[in-house]
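Good morning, and thank you for coming. Please take a moment to look at the sequence and the model on the screen before I begin.

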2 protein chains.
Amino acid sequence: MSELEQPAVFDARLSAADLRDAWRLLDIAERAEGFRLLDPTAGEEFFSELSTSDQLTLFSALSPAEQRFWMRALAPDDCADLLQEAPQEKRAELLALLDETARREVRTLLAYAEDDAGGLMSTRYARVRPDMSVDEAILYLRKQATARLETIYYGYVLDQEQRLLGVVSLRQLFQAKGHALVRDVMHTDLVQVPEEMDQEAVGRMFAQHDLVALPVTDATGRMKGIVTVDDIVDVVQEEATEDIQKIGGSEALDAPYLEVSPLQMVKKRAGWLAILFLGEMFTAPVVQSFEHEMKRASVLTFLMPLIISGGGNAGSQASTLVIRAMALGEARLADWARVLRRELLAGSLLGLILGLFGMLRIIAMESIFPTEEVGKHAVLLGAVIGASVVGVVLWGTITGAMLPMILRRFGYDPASASAPLVATLVDITGLFIYFSLATTLLAGTLL
Amino acid sequence: MSELEQPAVFDARLSAADLRDAWRLLDIAERAEGFRLLDPTAGEEFFSELSTSDQLTLFSALSPAEQRFWMRALAPDDCADLLQEAPQEKRAELLALLDETARREVRTLLAYAEDDAGGLMSTRYARVRPDMSVDEAILYLRKQATARLETIYYGYVLDQEQRLLGVVSLRQLFQAKGHALVRDVMHTDLVQVPEEMDQEAVGRMFAQHDLVALPVTDATGRMKGIVTVDDIVDVVQEEATEDIQKIGGSEALDAPYLEVSPLQMVKKRAGWLAILFLGEMFTAPVVQSFEHEMKRASVLTFLMPLIISGGGNAGSQASTLVIRAMALGEARLADWARVLRRELLAGSLLGLILGLFGMLRIIAMESIFPTEEVGKHAVLLGAVIGASVVGVVLWGTITGAMLPMILRRFGYDPASASAPLVATLVDITGLFIYFSLATTLLAGTLL
């Protein structure tokens with residue numbers, strides 16, 4: 001029979017893909033209806049590919065018998081994720097749908113923080129004994145093919161106390177002589193993930209080592225589970241999303257943009273905006289304290305937004321670069337002096353470039369459209385503006401680069417040094433730098 | 001022999017880990033020296049885990065014979081990455097180190113854009129025939145264990161014309177009856193990656209489907225290679241890094257932060273800063289055009305940074321959220337009207353919240369520290385400031401949310417709608433909104 005003559009498979013296949021495409025447009029009842037139309041295999045795959053929040057919404061539209069069926073179809077780690085996402089009062093009810101063994105496994109996983117390696121791992125890995133022969137190990141893994149293991153391509157070699165001795169891949173076993181012992185074939189140069197390691201750090205380990213699965217162990221070397229790379233893609237994606245949203249000056253949305261309710265959306269965004277707005281109120285008294293100077297040389301007022309935005313932009317840039325370097329482990333807290341040196345240099349050069357533009361702008365405008373106010377002081381004013389820009393940009397760069405490190409030092413998330421926060425901080429101090437320089441250098445001429 | 005009595009293995013293991021830890025602190029010659037001390041297996045693993053730029057630096061310190069050895073040890077896709085990173089004049093020299101077959105493979109891969117699925121794939125996958133029995137297929141994959149294939153855990157089922165018919169995992173084969181045919185066991189509901197697909201989209205496919213490897217096919221369905229999930233972790237990481245750096249208002253660094261030379265660093269950052277600075281110069285004439293009003297009511301000047309930063313912050317926030325939603329495929333260009341509606345609502349609410357703060361600030365300050373200028377018009381001024389904040393925040397939010405979509409519409413990267421760019425755009429227009437509202441509403445009272 002050719003591939004084209006399989007109407008049943010073809011239909012089911014089509015509707016799974018169709019359902020996936022239409023998903024976002026369907027309401028909850030329609031989703032449940034479409035889901036029921038899938039054949040069991042397609043349904044299982046479809047369900048496991050849904051996001052946890054989608055799974056939960058779908059659940060609410062299913063009958064108790066269906067809920068029970070799908071809870072039992074989920075791997076323990078996915079089950080734990082679902083429960084973590086569920087409202088507190090719903091958890092016990094969902095846990096009760098599982099059989100005794102699964103419930104115990106899920107409870108163990110729930111004890112870990114969601115963002116820990118432990119919260120990410122699967123407990124369904126294949127164990128082999130060090131004194132098995134290669135042939136025995138292959139046969140054993142082969143028998144596990146039907147078991148609900150995360151992978152049968154890696155056998156973890158444990159001693160009596162569940163301590164991890166080594167790992168052997170099916171591929172290594174295939175290459176070895178059949179009568180050799182697993183202990184002589186296994187890989188002992190192990191990359192291990194401590195159970196309490198943050199998932200962002202786990203992501204970095206995978207990015208560095210190009211591995212498919214990593215064993216999770218506790219402080220005494222006991223094997224607790226495995227983390228597989230397919231889960232890590234989601235983690236890396238999510239962690240970057242959180243950082244990006246924080247860098248933009250909002251809280252992490254924790255859900256797809258279009259699925260966050262409008263009220264929730266405002267809640268996630270209003271907090272930081274309000275704090276920044278209150279902080280920015282300090283600019284008013286600063287500007288006011290230079291009222292006298294601005295009245296005498298109103299050109300200082302016109303240039304105010306230009307000067308302070310230069311500092312804000314340089315600061316946003318620096319903080320974003322340092323936040324990302326820290327998230328990738330490229331720059332650690334201990335590197336602060338190196339970062340500071342680099343940013344001092346970069347900030348000075350960037351300041352000089354922008355300062356030159358600023359100076360030329362003043363001189364050029366004044367020669368094309370001469371004003372009574374500036375008049376013959378154009379070059380002096382240009383120099384003052386240039387110097388202010390250098391100062392503000394350098395200051396913005398240093399503030400932006402150091403703030404994420406200071407936050408990390410005190411246990412906060414470096415990504416909270418958002419572009420808007422840095423811009424706000426630099427606005428206040430930048431106004432000081434600008435007006436102080438201007439008042440000092442222009443005294444006796446323009447002022 | 002117990003695990004503790006293997007001094008040779010233990011030593012080599014120690015030095016590989018040591019070298020990894022010390023890597024960043026060593027100069028090029030020291031790196032090469034340390035690298036030579038690794039035993040061959042550890043060396044191969046160590047080398048393959050290095051970043052492409054690190055591999056290239058290390059290469060420059062190795063002898064021609066060593067270069068030849070390590071070039072031949074690399075998989076074709078890693079070879080192609082290395083060549084892509086190498087300076088133009090060095091490429092032919094490096095290509096010449098390969099044997100004829102590998103050179104042909106690498107040349108094929110080099111023909112793809114670096115960011116395409118084709119540039120990411122490996123051509124070393126296992127092919128099985130549809131009319132093989134399950135036992136034959138297992139035996140065949142087992143024999144491939146020593147071959148330099150990317151994975152032996154998946155067999156790709158091709159017809160005579162190299163068209164992809166299906167895929168069968170070793171696990172599926174293990175579960176099937178030995179005499180069954182591959183064509184009856186294989187998975188035909190295939191998720192395929194078109195060879196020209198952008199790697200960011202490939203990353204999304206992996207995040208959605210939780211698969212270990214995906215086949216890459218051309219427009220006629222011919223199999224070209226496979227992309228494996230371990231490479232995707234790097235891709236997802238890199239794409240997020242690029243977006244974050246762009247959102248911060250610089251070009252993508254394309255290298256670890258601490259390894260970018262200071263000059264290169266300034267080059268990547270000065271471009272956007274200069275453009276933004278030049279753009280921000282348009283604020284000066286806008287402010288100047290309201291000189292008269294500011295002279296009459298200097299409180300308008302004091303509040304200028306507060307008002308425009310509110311719009312800039314709201315805009316940075318909106319653009320960042322929309323950029324990320326687009327990168328994740330959560331919001332597509334076709335969703336623009338939905339996004340606009342959501343942001344109109346969010347922007348109005350956020351504007352009202354901040355506007356209320358602004359209004360209260362004016363009224364409170366004026367009752368605690370009454371001024372001659374504002375005097376009995378405090379409530380009116382408060383209302384005007386409140387209204388300005390609503391207008392500026394709403395406008396900033398809409399600009400920030402729509403700019404990434406407009407950029408995508410015209411073929412640019414949405415991430416170029418950086419926080420500083422949006423803040424700059426909103427500064428200019430925000431000043432207009434603020435002063436226009438103030439002049440209209442305060443005419444006859446404060447003005």
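Which residue in β6(A) is the bridge partner of T217(A)? In this predicted model, the partner is M223(A). I shall take that pair as my starting point and work outwards, from the two strands to the sheet, and then to the contact between the chains.

The pair belongs to a hairpin formed by β5(A) and β6(A), with 5 residues between the strands. Within the hairpin, G221(A) adopts a positive phi near 85°. The two strands, β5(A) and β6(A), the latter spanning residues 223–228, run antiparallel and are joined by 5 bridges. Another of these pairings links A213(A) with T228(A) in β6(A).

On its other pairing, β5(A) meets strand β4 of chain A, residues 193–194, through 2 bridges, and here the strands run parallel. V193(A) stands opposite V216(A) of β5(A). As a general reminder, strands of a sheet pair through backbone hydrogen bonds, in either a parallel or an antiparallel manner.

Taken together, these strands form an open sheet of 3 strands in chain A, in the order β4-β5-β6, with mixed pairing. The edge strands are β4 and β6 of chain A, each of which pairs on one side only. Helix α14 of chain A, residues 229–247, packs on this sheet and touches both β5 and β6 of chain A. The direction of the helix makes about 70° with that of β6(A).

Is β5(A) mostly covered or mostly open? Strand β5 of chain A, residues 213–217, is mostly covered, with 5 of its 5 residues buried. Both of its faces are covered. On one side we find A213(A), P215(A) and T217(A), and on the other L214(A) and V216(A), all of them buried. T217(A), with which I began, is thus among the buried residues.

I turn now to the contact between the chains. How many residues does each chain contribute? Chain A supplies 98 residues and chain B supplies 98 residues. On the side of chain B that touches chain A, helix α19 of chain B, residues 304–327, provides the largest share, 15 residues. By class, that side of chain B has 55 nonpolar, 23 polar and 20 charged residues.

Finally, the symmetry. Chain B superposes on chain A by a rotation of 180° with 0.0 Å of shift along the axis, at an RMSD of 0.1 Å. The two copies are therefore related as by a two-fold rotation axis. The same surface serves both copies, since 100% of the contact residues of chain B recur in chain A.

Note on methods:
Residues are numbered from 1 along each chain as its sequence is written. Chains are lettered from A and ligands numbered from 1 in the order in which they are written. This is a predicted model: local features need pLDDT of at least 70, side-chain atom pairs count only at pLDDT 80 or more; totals for chains, interfaces and linings use all residues. A residue is buried if 20 or more other C-beta atoms lie within 10 Å of its own, exposed if 12 or fewer, and partly exposed in between; C-beta atoms are placed from the backbone. Helices (H or I, at least four residues) and strands (E, at least two) are DSSP runs, numbered from the N terminus. Two strands pair if DSSP finds at least two bridges between them. Two residues are in contact if their C-beta atoms, placed from the backbone, lie within 7 Å. Ala, Val, Leu, Ile, Met, Phe, Trp, Tyr, Cys and Pro count as nonpolar, Asp, Glu, Lys and Arg as charged, and the others, Gly among them, as polar. Copies are superposed by least squares on the C-alpha atoms of residues with pLDDT of at least 70 in both. Axes are lines fitted to C-alpha atoms, for helices over the stretch in contact, and angles run from 0 to 180 degrees between N-to-C directions.
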